[in-house]
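Got the viewer open? Let's take a short walk through this one, selecting a piece at a time.

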Amino acid sequence: MSGALDLPWLEPTTHQLDRSIESGRFGHAPLISGPPGTGKRALADWLALRLLCLDPKDGHACGQCKSCALSDSGTHPDFFRLDILEDKTVILVEQVRTLIDRLNLTPSIGTRRVGLIPSADHMNLNAANALLKTLEEPSDEIWLILVSDKAEQLPATIRSRCQRVTLPVPTEQDATDWLKQRTDTTDVEDLTMALRLAEGSPSKALIWLEQGQIELANSIRDHLDAMLRDGTSQARVVDTWLDHPHRSWHWLARWSQAWLQKTLTGHADGLEQAATLVSGPESLQLLQDCWLRALEGGRLAEKPIRQEWMMQSWALAWQRLANRVERG
Ligand SMILES: [Zn+2]
């Protein structure tokens, strides 16, 4: 098994990281950030493997040395991963102290020890402060990889001591090719739609395709469109939404937001063929209400409340938009 990363849009990034490791210019505290679903954690794993490998090949971990074998089995004595504890929502200061203590031991296999914090923005302030000293006076042997979905939420003191590695959003072509190799979906339109709805994030699009969410998204959009165009009864469509309340609320919110965007700007991804609403304060207010109510529905979807009543009432609100459709 080679340590190459199977995400083509990150090739320039891995190439650049490899060169700076080789030349000894690589900072000891990379902070990997970028849009959701672009491969931040996959890149962090790649980087840890690459740093620990005893004999890298073609810019990647070799997959064959003693170090790679230990990484592969999850038992590398010089690699430490700091995750949020199962019953907690933040990373605790004690966890950071334990990580630092372990990193400060002498490497057992090669010449490096690597720590990885995959959700660095979940450190509380004390935890972040505990990390500062290690970031300020990095030892030659220690690398600390931070990954963050919301890097701007990390304390400035942490950010300023890290080297930013910002991942690009893949081009639509790269992302579509990547998706094609991984799903049974052959319909290019579905793939493109999944990517657009996922704001370019290939891994999010992949999950949605696997869960059949794009089918659900399309069918909900068509229901909403039909209700606007020809007054399709809300009773019929609500029954099908009730099969998956949580997911349905998600798409009801997503499409309300898209219609809001279409009414404001004339365009929204996925709504090219859909009914166009008369713009104006009344439509905008109704759409915004629908959006907020769908978000609230999603928050309550796991609770034992009357989903049927909530969805019926939401659909009635949507139907009020029907007489605001532009008729040519
Ligand atoms: Zn190796």
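First stop: how do helix 7 and helix 9 stand to each other? They are oblique to each other, since angles under 35 degrees count as roughly parallel, over 145 as roughly antiparallel, 65 to 115 as roughly perpendicular and the rest as oblique. Before selecting anything, know that this is a predicted model, where local features need pLDDT of at least 70, side-chain atom pairs count only at pLDDT 80 or more, and totals for chains, interfaces and linings use all residues. Residues are numbered from 1 along each chain as its sequence is written, and side-chain values use heavy atoms, leaving out hydrogens and water.

Now select 172-180 (helix 7) and 202-210 (helix 9): they pack at about 40°, axes 10 Å apart. Helices (H or I, at least four residues) and strands (E, at least two) are DSSP runs, numbered from the N terminus. Axes are lines fitted to C-alpha atoms, for helices over the stretch in contact, with angles running from 0 to 180 degrees between N-to-C directions. Show side chains: Ala-175, Trp-178 and Leu-179 of helix 7 meet helix 9 residues including Leu-206 and Leu-209 (contact means heavy atoms within 4.5 Å).

Next, the sheet. Its 5 strands form an open sheet with parallel pairing, ordered 2-3-4-1-5 (two strands pair if DSSP finds at least two bridges between them). Strand 2 (79-81) and strand 5 (163-166) are the edges, each with a single partner strand. Zoom in on Arg-81, whose bridge partner in strand 3 is Leu-116.

Finally, select 93-103: helix 4 lies across strand 2, strand 3 and strand 4, at about 160° to strand 3.
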